Amino acid sequence: MLDDFFIRALIAGIGLAIVTGPVGCFIVWRRLAYFGETIAHSSLLGVAVAILCDVNLVLGIFFTATVVVFIVFLLERREGLPTDTILGLLAHGGLALGLVLLSFFPSVRIDLHALLFGDILAVSRQDLLVIWVGGAIALGVLCWLWTPLLLTTISSDLSRVESRKPLLSKVLFGILVAAVIAVAVKIVGVLLIVALLVIPAATARRFASVPETMAIGAALVGVVSVAGGLFASLQFDTPSGPSIVVAALVCFVLTRLPLGLFGKGNTGA
């Protein structure tokens with residue numbers, strides 16, 4: 001019989017996968033993996049902010065990540081620097097600054113390994129509430145942004161013609177990614193969250209014919225990855241967060257085999 005902590009971890013992981021799958025599709029379509037990496041790396045800075053301001057960890061990470069989102073868009077519009085240069089600067093600068101600030105709190109017990117690689121087996125009932133309620137809100141926001149984001153992904157000019165305000169959609173999507181990462185850091189950690197966003201979406205793209213199918217497929221791949229990774233972690237006594245990512249990677253590889261079960265999709269997004 002499975003222990004309660006394992007059941008909680010499984011429920012938490014499934015709840016997260018249902019959200020990261022569809023969100024990850026837009027990250028794949030819009031080639032924003034490095035953007036997600038930047039937001040994730042800023043999470044350590046958010047941890048320091050949460051400790052300094054004595055607020056909830058998720059709120060501290062979300063606030064800091066949202067500030068980073070606005071800084072990215074501001075620098076893109078005003079500085080004329082290449083986007084990848086801006087993201088590299090903020091990603092590594094945020095990570096380094098977070099680590100330095102955390103060193104000033106020697107009296108506060110911080111599990112740095114759990115922050116970097118996650119600790120899904122330590123989720124509480126309160127964490128489950130945050131994940132599922134927050135996930136439902138995130139999916140609602142994504143549904144609201146779905147059409148504007150698709151139009152912007154296909155063509156910014158088309159989005160403007162349709163009066164969909166592409167810049168506003170991009171900013172709101174950035175904030176949505178910040179919220180998802182803030183909730184997910186405890187499960188898979190700063191260094192692995194982007195993998196959970198990107199790999200299931202990339203896997204589902206193989207056999208999806210329309211964007212909606214790819215979003216549903218990405219969520220299903222994420223659920224399978226969570227379940228497979230957790231049971232593998234239980235069986236082989238491996239770290240749970242990395243095991244989930246490895247399971248997702250196995251799914252991706254299996255769908256790329258010459259004799260795979262799925263045909264190549266033609267998702268146009």
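## A serine pair, a nonpolar core and a surface patch

Ser243 lies in helix H12. Keep in mind as you look around that this is a predicted model. Ser243 is buried, since its relative accessible area is 10% and the cut-off for buried is under 20%. Its neighbours, leaving out residues up to four places away in sequence, are Gly229, Ser233 and Thr238.

One of those neighbours, Ser233, sits in helix H11, which covers residues 211-236. Ser233 is buried too, with a relative accessible area of 9%. Skipping residues up to four places away in sequence, Ser233 touches Thr238, Pro239, Ser240 and Ser243. So what do the two serine side chains reach? Here are the polar contacts.

| Side chain | Partner | Distance |
|---|---|---|
| Ser233 | backbone oxygen of Thr238 | 2.5 Å |
| Ser243 | side chain of Thr238 | 2.7 Å |
| Ser243 | backbone oxygen of Pro239 | 2.5 Å |

Thr238 therefore turns up with both serines: its backbone oxygen is reached by the side chain of Ser233, and its side chain pairs with that of Ser243.

Now stay in helix H12, residues 240-255, and look at Val250. Is Val250 buried, partly exposed or exposed? It counts as partly exposed, because its relative accessibility is 43%, in between the 20% and 50% cut-offs. Val250 also helps build a nonpolar surface patch of about 490 Å², together with Val246, Leu249, Val253, Leu254 and Leu257.

On to the inside. The largest nonpolar core holds 73 residues, and Val23 and Phe173 touch the most other members. Which helix gives the most to this core? That's helix H1, residues 4-29, with 13 residues. Val23 is in contact with Leu142, Phe173, Leu176, Val177, Val180 and Leu197, again without residues up to four places away in sequence. Phe173, then, is on the contact list of Val23.

Helix H1 also holds Leu10. Leu10 counts as buried because its relative accessibility is 16%, and buried means under 20%. Beyond residues up to four places away in sequence, Leu10 touches Val226, Ala227 and Leu230. For a sense of distance, Leu10 and Val67 are 57 residues apart along the chain, and their C-alpha atoms are separated by 31 Å.

Key. Residues numbered from 1 in each chain as written. Predicted model: local features only at pLDDT ≥ 70, side-chain atom pairs only at ≥ 80, totals over all residues. Heavy atoms only, no water. Patch = residues over 30% accessible without salt bridge, like charges linked within 9 Å, V, L, I, M, F, W, Y side chains within 5 Å. Areas by Shrake-Rupley, 256 points an atom, 1.4 Å probe, with all protein chains shown as cover. Salt bridge = Lys/Arg side-chain N within 4 Å of Asp/Glu carboxyl O. Helix = DSSP H or I, 4+ residues; strand = E, 2+ residues; numbered from the N terminus. Buried < 20%, exposed > 50% of the residue type's maximum accessible area, 1.4 Å probe, protein only. Polar contact = N/O pair within 3.5 Å; in protein donor to acceptor, adjacent residues only side chain to side chain. Contact = heavy atoms within 4.5 Å. Core = buried A, V, L, I, M, F, W, Y, C linked by side-chain atoms within 4.5 Å.
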